[in-house]
Amino acid sequence: MRRARERFRTGGIALVCMLSALTTGCSSGSGGDDSPSDLMATVRHVSIAGAKGTQVSYLDAARVRSLEKGGSQRFRTVGQAGSPLMTGYRFNAHGYGLDPAMIDTDVTNGTAGHWQGSFDAGRVTAKLKAGGFARHTWHGETVWTKEGVTLQVATDEISFGYSGKDLSAVRPAKGKSVADDPDYRALGDCLGDVYRADFGGKNAKDAVRLSATGQLAKSANETSGVICALTDGKRTAERAADRLKSVIDRRAPRYDGAKVTVLTGDSPGVKVTVPDRAGDKRAGRLLTSDVDLQLALSDL
């Protein structure tokens, strides 16, 4: 299925220092209308309750495949679906007729997730049945369950729960998804046209109440990372910006080319964009190795 690729002005930050293993200045998208960005259109599958206290990860896998044409290996680390359905020991995805190449977008909150793509639903469900999955009805939908794994399978989407979780976290009621939360939308506006985003857990009482780390790519060889954080006020945002600039200066030339911006308006915060170094063999260093900037924001 060809996924509709709508554009909108979006952005974000996460204090995420590692990949999910289970893992302003506002920049504008290409749309300019009021339709949701690919990021917001995908994270609408995660409920606000399901995101409480946990990381939410988004991946535009179809875009990564396009960037990798020509043999690029730069996205091997940050361009893979990190959902527990692919990496966990309870479920052999390949054995049930599923392959990462079938996935166009992936969003997970660690214990549940949602894929959009092209799936042979008949073949997958036949293999689930043969593999001992039991068929049930959940809120009027057919689901398959076995040993703490729950799946709902269609030709263009798959929803799943892991570790005994049902599909509630990825079947939110109208108005109850993270895309309906003003803070997630503000981070979407800050992150921009990312192919991957990792949101940290939200805590309204913290100085940094929500953050996200995003991955940007103009081409396979021109990539960068972006960190966005929403703070409890303008003064905290300015203090965060000073800390980021201090790290950038102190660690020179590691973060050469980095740009720090204070976010103003209804959602004060800070944004830092860091180009991947020309000699990097892998994109995504703000998630995989260079975590100084995230750490600088962790104890404001």
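Here are four short exercises, with worked solutions, on salt bridges and one helix in this predicted model.

**Exercise 1.** Find out which parts of the chain the salt bridge between Arg 171 and Glu 141 links, and decide whether each residue is buried or partly exposed.

*Solution.*
- Step 1: Start with the contact. The two side chains meet with N to O at 3.2 Å, which fits the salt-bridge cut-off of 4 Å.
- Step 2: Place the partners. Arg 171 sits in the loop between β7 and α6, while Glu 141 belongs to strand β5. They are 30 residues apart, so the pair links distant parts of the chain.
- Step 3: Check the accessibility. Buried means under 20% relative accessible area. Arg 171 has 24%, so call it partly exposed. Glu 141 has 23%, so it gets that label too.

**Exercise 2.** Work out what the salt bridge between Arg 209 and Asp 183 ties together, and whether its partners are buried or exposed.

*Solution.*
- Step 1: Look at the gap. The closest N and O atoms of Arg 209 and Asp 183 are 2.9 Å apart.
- Step 2: Locate the two residues. Arg 209 is in strand β9 and Asp 183 is in helix α6, so the bridge ties together parts 26 residues apart in sequence.
- Step 3: Compare with the 20% limit for buried residues. Arg 209 comes in at 14%, so it's buried. Asp 183, at 10%, is buried as well.

**Exercise 3.** Describe helix α6: how many of its residues are buried, what caps its N-terminal end, and what follows it?

*Solution.*
- Step 1: Count the buried residues. You should get 7 of 10, so the helix is mostly covered. Among them are Asp 183, which you've just met, plus Tyr 184 and Leu 187.
- Step 2: Go to the N-terminal end. Asp 181 does the capping there, with a side-chain oxygen 2.7 Å from the backbone nitrogen of Asp 183.
- Step 3: Step past the other end. Gly 192 follows α6, and its phi is positive, near 85°.

**Exercise 4.** Place the salt bridge between Arg 251 and Asp 292, then name the residues linked in a salt-bridge network.

*Solution.*
- Step 1: Check the pair. Arg 251 and Asp 292 meet through their side chains at 2.2 Å, N to O.
- Step 2: Find both ends. Arg 251 is in the loop between α7 and β11, and Asp 292 is in helix α9, 41 residues apart.
- Step 3: Judge the accessibility. Arg 251 is partly exposed at 28%, and Asp 292 is partly exposed at 22%.
- Step 4: Turn to the network. Salt bridges link Arg 254, Asp 276, Arg 277, Asp 280, Arg 285 and Asp 290. The structure holds 15 salt bridges.

Definitions and conventions: Residues are numbered from 1 along each chain as its sequence is written. This is a predicted model: local features need pLDDT of at least 70, side-chain atom pairs count only at pLDDT 80 or more; totals for chains, interfaces and linings use all residues. Side-chain values use heavy atoms; hydrogens and water are left out. Helices (H or I, at least four residues) and strands (E, at least two) are DSSP runs, numbered from the N terminus. Buried means under 20% relative accessible area, exposed over 50%, partly exposed in between (1.4 Å probe, protein chains only). A polar contact is a pair of N or O atoms within 3.5 Å; within protein, one must be able to donate a hydrogen and the other to accept it, and residues adjacent in sequence count only if both atoms are side-chain atoms.
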